[in-house]
Amino acid sequence: MLASGFVECKLDYLESEKIAIDDSLPETKVSAGEHHARIRLYPRGIEGGHGEHVSIFMFIDDVDDDDPGQIDAVFEVFLTDKHGAPSPQHARSTEVVGDRGRRHARVATFVCGLVVLRDDDDDGDDRRRRRPCIAVPPPNLAAQLAGMVGCPDGSDVSFSVGGGGETPIHAHRTVLAARSPVFRAELLGSMAEATMPCFTLHDIEPAMFRALLHFVYTDALPPNSPPTTAASAAEFFRGLLAAADRYALDRLKLMCAQKLWEIVSAETVAATLACAEMQLDASTSSWKIATSRRQR
């Protein structure tokens, strides 16, 4: 909630000379929305000073001393010139959190204001919680990127998947290249100059490849992507794991392994173990090749 209130205070400078240091004038009240505050003015300052400056304090009445963070406010003080207009070159402001602000000035007329930036409501017996003044919607980048999967708009590469006469699946090579070193080598290497290259993939199902693309664009698995039965779901994630390994998508590989672990059963355990052994063999072979190259 944003609310503000201002009040003009006038001080007779000659009369103030008769007032002792640390003595205040009668309080002036100011309101901002539902909040009320008191302004206390010390014409010759407070104890410890030399009586040469005016000291101004603001007290917000409805603030719990045990929970001062429930309200964020700004206490403003600015001087006025001889015509009564605000003098911006002498403006002063301070941020106060449920407490008080203090200002000094050598003037007879000034304006004080209270601006409430944030006010938290009580929620039953719960502690007061912070609530922003402006409601910011949740992020929707993942949803927007998911809408690009298979969309021909702006695409510059396509895939013919499964070999069954399926409609080509469109994609964007910069996204693929940024996410997979294998895609980067294929799309930004010899095919970099091709206007709309089309790759044919025979060893992966269209649904699996779409799930792989969904991960590439959003870093997440598509909702409701696996089949309903445990056996078909295990087959789906085994195939997706193999595709993730092919394109060096290590995070997707671990996600598929986690899914396989969650749905393992007596009827799927043999195939899952065989898949794990195959992946281990592939990883070992890759490690041996890399080690051999380093030794050379």
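**Contacts, sheets and ring pairs in the predicted model**

Leaving aside its neighbours within four places in sequence, Glu186 touches Met191, Phe199 and Tyr247. This glutamate is a convenient place to enter the model, which is a predicted one. Glu186 sits in helix H4, which spans residues 181-187. With a relative accessible area of 29%, Glu186 is partly exposed, because that value falls between the 20% limit for buried and the 50% limit for exposed. Leu176 lies ten residues from Glu186 in sequence, and the C-alpha atoms of the two are 10.0 Å apart in space. Two of the contact partners of Glu186, Phe199 and Tyr247, return below as members of a ring cluster.

Stepping back to the whole chain, the model contains eight helices and eleven strands. The protein chain has 296 residues, of which 36% count as buried. Its exposed surface comes to about 17,800 Å², with 53% supplied by carbon and sulfur atoms. When contacts between residues at least 6 apart in sequence are considered, 60% of them join residues at least 24 apart.

One of the sheets is a convenient guide to the region around Phe199. Three strands make up this open sheet, in the order S10-S9-S11 and with mixed pairing. Strand S10 (169-171) and strand S11 (198-201) are its edge strands, each pairing on one side only. From one strand to the next, the twist averages 25°. Strand S9, residues 157-161, runs antiparallel to S10 and is joined to it by three bridges. Within this pairing, Val157 is opposite Ala171, and Phe159 has Ile169 as its bridge partner. On the S11 side, S9 pairs in the parallel sense, over four bridges. Here Phe159 stands opposite Phe199 of S11. Phe159 therefore takes part in the ladder on either side of S9, with partners in S10 and in S11, and is itself buried at 1% relative accessibility. Strand S9 is largely enclosed by the rest of the structure, because four of its five residues are buried.

A helix accompanies this sheet. Helix H5 (residues 206-218) lies across S9, S10 and S11, and runs at about 15° to S10. What ties helix H5 to strand S9 across 50 residues of sequence? The link is an aromatic pair, since Phe159 lies in S9 and Phe209 in H5. The ring centres of Phe159 and Phe209 are 4.9 Å apart, and the pair counts as tilted because the planes meet at 55°, which lies between the limits of 30 degrees for stacked and 60 for edge-to-face. Like Phe159, which is buried, Phe209 counts as buried, with a relative accessible area of 0%.

The model has seven aromatic pairs in total. Ring pairs join Phe159, Phe183, Phe199, Phe209 and Tyr247 into a cluster. The cluster thus brings in both Phe199 and Tyr247, the residues that Glu186 contacts. A further pair is formed by Phe236 and Phe237, with 5.3 Å from centre to centre and 85° between the planes, an edge-to-face arrangement. Phe236 and Phe237 are both buried.

Another part of the chain shows strand burial along its full length. Strand S4, residues 54-60, has seven of its seven residues buried. In a regular strand, side chains alternate between the two faces of the sheet. In S4, Val54, Ile56, Met58 and Ile60 point one way, while Ser55, Phe57 and Phe59 point the other way, and every one of these residues is buried. Strand S3 (residues 35-42) runs antiparallel to S4, and six bridges join the two. Across this pairing, Ala37 stands opposite Ile60 of S4.

The cysteines complete the picture. How many disulfides does the structure hold? The count is zero. Cys112 is counted as buried, because its relative accessibility is 0%. Cys256 is buried too, with a relative accessible area of 0%.

Note on methods
Residues numbered from 1 in each chain as written. Predicted model: local features only at pLDDT ≥ 70, side-chain atom pairs only at ≥ 80, totals over all residues. Heavy atoms only, no water. Disulfide = S-S within 2.5 Å. Buried < 20%, exposed > 50% of the residue type's maximum accessible area, 1.4 Å probe, protein only. Contact = heavy atoms within 4.5 Å. Areas by Shrake-Rupley, 256 points an atom, 1.4 Å probe, with all protein chains shown as cover. Pairing = 2+ DSSP bridges. Axes fitted to C-alpha atoms, helices over the stretch in contact; angles between N-to-C directions. Phe/Tyr/Trp six-rings, centres within 6.5 Å; stacked < 30°, edge-to-face > 60°.
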